[in-house]
Amino acid sequence: MEKNRLIIVEGPQGTGKTTLTNYLRDNIPSSNLYRLAGSKDKTIEGKKISQKMYYALQEYLKKMESIPMDLIFDRTFFTEQVYASLGYKEYEYNDLFETFTSMLDNLNYDIYLFLLYLEDTELYKERLDRKDHHKYQAFSIESSVKQQIEYLRIGELIEKRTKIKVYPIAMDNFDEAYEGIKRTLKIK
């Protein structure tokens with residue numbers, strides 16, 4: 001029996017996560033899209049909320065294994081790790097990150113982790129200059145570039161330690177990126 005796919009899209013602000021996850025949802029039959037923003041609370045209480053949330057999510061994912069549906073996530077606990085490691089949070093997240101990565105790795109899905117980045121980091125200026133952005137983490141080119149470096153570093157670690165399939169995807173040109181993703185996921 002073919003496994004369901006668990007598709008996680010991560011990356012800095014301005015790389016096109018929302019655009020890509022909408023595209024995937026529209027082009028993968030029998031799929032569901034989840035957008036996780038995490039807690040705005042950057043204190044240790046926020047870490048406790050995150051811990052409860054991602055344990056509950058792991059339980060939910062386990063229950064969904066037998067339902068014939070691909071799951072698409074716009075951000076998960078990887079963002080918590082990146083934000084904590086860059087000092088945007090008042091706490092360390094390494095312990096929970098290791099736990100949740102291990103739990104994820106043990107689920108019965110084909111797991112794809114798409115790490116979005118921009119080769120031309122000047123594109124962040126254009127993409128971050130928008131009025132509808134949220135205020136969770138201030139948008140800036142410098143912040144997005146730092147996040148990009150950290151996401152790609154984490155991706156290398158995950159690729160070495162787990163069976164999770166990690167795909168760094170340059171999003172400078174959406175059409176080119178989509179073609180590569182379509183081939184990877186065998187989307188028609």
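Reader: How many helices and strands are there in the protein chain?
Author: Happy to help! This is a predicted model. From the N terminus on, the elements of its chain run β-α-β-α-β-α-α-β-α-α-β-α. Sorting them by kind gives five strands and seven helices.

Reader: What is the radius of gyration of the protein chain, and what does the globule rule give?
Author: Good thing to ask next. The globule rule gives 16 Å for 188 residues, and the chain comes close to that value, so it is as compact as a globular protein of that length. Its radius of gyration is 16 Å.

Reader: Is strand E4 largely enclosed or exposed?
Author: Let's look at its residues, 110-117. A residue is called buried when its relative accessible area is under 20%. Seven of the eight residues in E4 are buried, so the rest of the structure leaves this strand largely enclosed.

Reader: Which strands pair with E4 in the parallel sense?
Author: Strand E1, residues 5-10, pairs with E4 over six bridges in the parallel sense. Strand E5, residues 165-170, also pairs with E4 in the parallel sense over six bridges. The names you want are E1 and E5.

Reader: In E5, which residue is the bridge partner of Leu113?
Author: You can find Leu113 in E4, where it stands opposite Ile8. For its bridge partner in E5, look to Val166.

Reader: What percentage of the contacts with a separation of 6 or more is between residues 24 or more positions apart?
Author: Here, contact means heavy atoms within 4.5 Å. Among contacts with a separation of 6 or more, the share from residues 24 or more positions apart is 78%.

Terms used
Residues numbered from 1 in each chain as written. Predicted model: local features only at pLDDT ≥ 70, side-chain atom pairs only at ≥ 80, totals over all residues. Heavy atoms only, no water. Helix = DSSP H or I, 4+ residues; strand = E, 2+ residues; numbered from the N terminus. Rg over C-alpha atoms; globule rule 2.2 N^0.38 Å. Buried < 20%, exposed > 50% of the residue type's maximum accessible area, 1.4 Å probe, protein only. Pairing = 2+ DSSP bridges.
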